[in-house]
Amino acid sequence: MSKNKHLTLDDRIEIQECLAKGMTFKAIANRIGKNQTTVSREVKAHAQSHSNGYTRTEEYCPKLLKAPFVCNGCEMKSRAKCPYIRRIYVAKTAQSSYEETLVESRSGIPLNKESFYETDQIISNAVKQGQHVYHAIKANNLPISTATVYRHINKQYYSIGRIDLPRAVKFKPRKTTAPEHIPACAKKGRTYQDFIGFMEDNDALPLAQLDTVIGRVGGKTIMTVHFVNCDFMIALLLENKTAAEAAQKIQGLKKKLKDNNFSFGDIIPVLLTDNGGEFSIVSAFEDDEFGNRETNLFFCEPSSPNEKPEIEKNHTLFRDIVPAGHSFDAFTQQDVNLIFSHINAVKRKQFGGKSAYDLFTFFNSVELAQILGISYISPNDVIQSPLLLKKL
């Protein structure tokens, strides 16, 4: 496999042709000798949106939320009858965009003295409010990259320094993961290998990841549910880190959804979690009130956070607001909902400047987000630092 080499025009033409045949990213990667992730990023980065005379809505097709993320190879017999905006990967356009990016990255963005100081004021004020650099750039439509901003900060060109970037100065060595707590009988048919096999046969099902965040040892704990396809995360406040408490809270969420005409199994058909003992009452997560399975629960291998990296990464946004070691004992569920509303309002680079809230409500509804405890937060009101705790 060829590594650390840029895609060529021939590679991109091969990708376009393979997409038209309905081939998976893995199959395409094997064909051109690249990594599967490289192919996925290439398609996401250079897919183009366009409508035709038959487009009857400004929305995108729900199928575009999962691989291959484009309409190449769509099985619809007559594409002209598709009412949605189309997203197409075109090799020559992708190559042109790539070459243009190379030129821009090597030449830089010209800034005059006035615009530089204006950018400095906007970025500095946003960072002091606790906002991330990428969020500040997108919220204010600044014509500058995050790399340039960090470079200017490191060279002390701005009014702020690295000390004002909380995540840049607080990284600590990774702690040892706790040993396995899930009984072997509970994991039968629910191992990570079982999960891989299940998703190969049910790749259209949306995936959610489950985890817990600890405050004071022995105190309240926060159980998080992360919707992988849009980085949307909700949280349930647990009085303690026990299986009985986790089961009670997840059953309470199921009842709340049912009372509002939603089904937990439809929203979260697949759950992937670690081996924490709080998840050992499997039936509470998998079964409905009548004992019928509505969700498929699977467990990662012990000490393998890399098997659910999306939720692990999203927890860093929570730690920007609530630092490690901070007790959750004074929190209420309403406080937790507010914290995660701010987290879901953060602009995401991988979504082209859209937030997790934007995507979740687009593919579901504002009503469902509210039922799950998440409210809309205006981009300029987002607080991504402990300053938010003063509002609780």
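Q: In this predicted model, what makes G218 stand out in the hairpin of β3 and β4?
A: Its backbone angle does: G218 takes a positive phi near 90°. The hairpin it belongs to has six residues between the strands.

Q: Which residue takes a positive phi in the hairpin of β4 and β5?
A: That one is D231, with a phi near 60°. Here four residues lie between the strands.

Q: How do you know that β3 and β4 count as paired?
A: Two strands pair if there are at least two bridges between them. Seven bridges join β3 (residues 207-214) to β4, so the pair qualifies, and the two strands run antiparallel. To find one bridge in the structure, look at L210, whose partner in β4 is V225.

Q: What makes β4 and β5 a pair?
A: The cut-off of at least two bridges applies here as well. β4 and β5 (residues 232-238) have seven bridges in the antiparallel sense, so they are paired. V225 has I234 as its bridge partner in β5, and H226 stands opposite M233.

Q: Why are β5 and β7 called edge strands?
A: The open sheet has five strands in the order β5-β4-β3-β6-β7, with mixed pairing. β5 and β7 (296-299) each pair on one side only, and they are the edge strands. From one strand to the next, the twist averages 25°.

Q: Which helix packs on the sheet, and which strands does it touch?
A: Helix α11 (residues 243-259) does, touching β4 and β5. Its direction makes about 125° with that of β5. Angles of 65 to 115 degrees count as roughly perpendicular and those over 145 as roughly antiparallel, so an angle of about 125° is oblique.

Q: Why is β4 described as mostly covered?
A: A residue is buried when its relative accessible area is under 20%. In β4 (residues 221-227), seven of its seven residues are buried. Both faces are covered: T221, M223, V225 and F227 are buried on one side, and I222, T224 and H226 on the other.

Q: Why is α2 called roughly perpendicular to α3?
A: Helix α2 (residues 25-32) and helix α3 (residues 36-46) pack at an angle of about 110°, and their axes are 8 Å apart. Roughly perpendicular covers 65 to 115 degrees, so the α2 and α3 angle of about 110° belongs there.

Q: What kinds of residues make up the contact of α2 with α3?
A: There are six nonpolar residues, two polar and one charged. On the α2 side are F25, K26, I28, A29 and I32, which meet Q36, V39, S40 and V43 in α3. Lys counts as charged, so K26 is the charged one.

Note on methods: Residues numbered from 1 in each chain as written. Predicted model: local features only at pLDDT ≥ 70, side-chain atom pairs only at ≥ 80, totals over all residues. Heavy atoms only, no water. Axes fitted to C-alpha atoms, helices over the stretch in contact; angles between N-to-C directions. Contact = heavy atoms within 4.5 Å. Buried < 20%, exposed > 50% of the residue type's maximum accessible area, 1.4 Å probe, protein only.
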